[in-house]
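This report goes through one protein structure by topic. Please read it alongside the sequence and the coordinates.

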Amino acid sequence: FGIFALDKFKTRLKEYNQYCNHISAIPHFRDFPPALIEFVEYGKQQQDPPPPPPTPPRAATGPTSDRPSASAASTKFTASLPSSRATPTSTSASAQLKPPAPA
């Protein structure tokens with residue numbers, strides 16, 4: 001509960017540097033989530049931690065670069081369908097195909 005509450009409050013820790021000093025003195029403080037440790041350490045100095053570095057943009061190769069092509073999608077779909085000549089795998093008598101009666 002304490003970690004969860006502290007995480008919800010982390011953006012205001014810089015306003016409570018003495019509280020951050022007390023938090024960092026807890027014996028298992030180094031077991032806290034790394035982002036929370038960072039907020040407490042910077043909060044002791046009445047600062048916010050630096051923002052995370054920006055993620056590089058993905059290179060776009062075309063309007064459908066995120067989706068498989070229609071032919072690839074249909075190939076996947078048809079490859080997973082059973083053959084019409086497949087024999088049933090069920091062992092129940094009602095599920096098995098019966099051979100045609102002799103004429």
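How exposed is Glu-15, by relative accessibility? Glu-15 has a relative accessibility of 45% and therefore counts as partly exposed. The model discussed here is predicted, and Glu-15 is taken up again below with its salt-bridge partner, Arg-12.

## Overall architecture

The protein chain contains four helices and zero strands. Read from the N terminus, the order of elements is α-α-α-α.

Of the 103 residues in the protein chain, 13% are buried. The chain exposes about 8800 Å², and carbon and sulfur atoms account for 60% of that area. When contacts between residues at least 6 apart in sequence are considered, 40% of them join residues at least 24 apart.

## The buried face of helix α2

Helix α2 spans residues 17–24, and its buried residues are Cys-20, Ile-23 and Ser-24. Viewed down the axis of α2, these buried residues fall within an arc of 90°, so they line one face of the helix. An α-helix has 3.6 residues a turn, so residues three or four places apart point the same way.

The cover over the buried residues of α2 includes two other helices, α1 (2–9) and α3 (34–43).

## Salt bridges

Side chains of opposite charge can pair when their charged atoms come close. The structure holds five salt bridges. One of them joins the side chains of Lys-10 and Asp-7, with an N to O distance of 3.2 Å. Both partners are partly exposed: Lys-10 has a relative accessibility of 21%, and Asp-7 has a relative accessible area of 33%. The value for Lys-10 lies just beyond the buried class, because buried means under 20% relative accessible area.

Arg-12 and Glu-15 form another salt bridge, in which the closest N and O atoms are 2.9 Å apart. Arg-12 is partly exposed, at a relative accessible area of 39%, and Glu-15 is partly exposed at 45% relative accessibility.

A further salt bridge links Glu-41 with Lys-44, the closest N and O atoms being 3.3 Å apart. Salt bridges with shared partners join Arg-30, Glu-41 and Lys-44 into one network. Within this network, Glu-41 is partly exposed at 23% relative accessibility, and Lys-44 is partly exposed with a relative accessible area of 26%.

## Aromatic pairs

A pair of aromatic rings is described by the distance of the centres and the angle of the planes. There are three aromatic pairs in the structure. Phe-9 and Tyr-16 form a tilted pair, with 5.5 Å centre to centre and 40° between the planes. Phe-9 counts as partly exposed at 26% relative accessibility, as does Tyr-16 at 37%.

Phe-9 also pairs with Tyr-19, in an edge-to-face arrangement with 6.4 Å centre to centre and 80° between the planes. Phe-9 lies in helix α1 and Tyr-19 in helix α2, so this pair ties together parts that are 10 residues apart in sequence. Tyr-19 is partly exposed, with a relative accessibility of 40%. Ring pairs link Phe-9, Tyr-16 and Tyr-19 into a cluster.

## Helix α2 in summary

Two features come together in helix α2. Cys-20, Ile-23 and Ser-24 are its buried residues, while Tyr-19, also in helix α2, is partly exposed and pairs with Phe-9. Helix α1, which holds Phe-9, is also part of the cover over the buried residues of α2.

Technical notes
Residues are numbered from 1 along each chain as its sequence is written. This is a predicted model: local features need pLDDT of at least 70, side-chain atom pairs count only at pLDDT 80 or more; totals for chains, interfaces and linings use all residues. Side-chain values use heavy atoms; hydrogens and water are left out. Buried means under 20% relative accessible area, exposed over 50%, partly exposed in between (1.4 Å probe, protein chains only). Contact means heavy atoms within 4.5 Å. Accessible areas come from the Shrake-Rupley method with a 1.4 Å probe; for residues, only the protein chains shown count as cover. The arc is that of the directions from the helix axis to the C-beta atoms. A salt bridge is a side-chain nitrogen of Lys or Arg within 4 Å of a carboxyl oxygen of Asp or Glu. Rings of Phe, Tyr and Trp (its six-membered ring) pair if their centres lie within 6.5 Å; planes under 30 degrees apart count as stacked, over 60 as edge-to-face and the rest as tilted.
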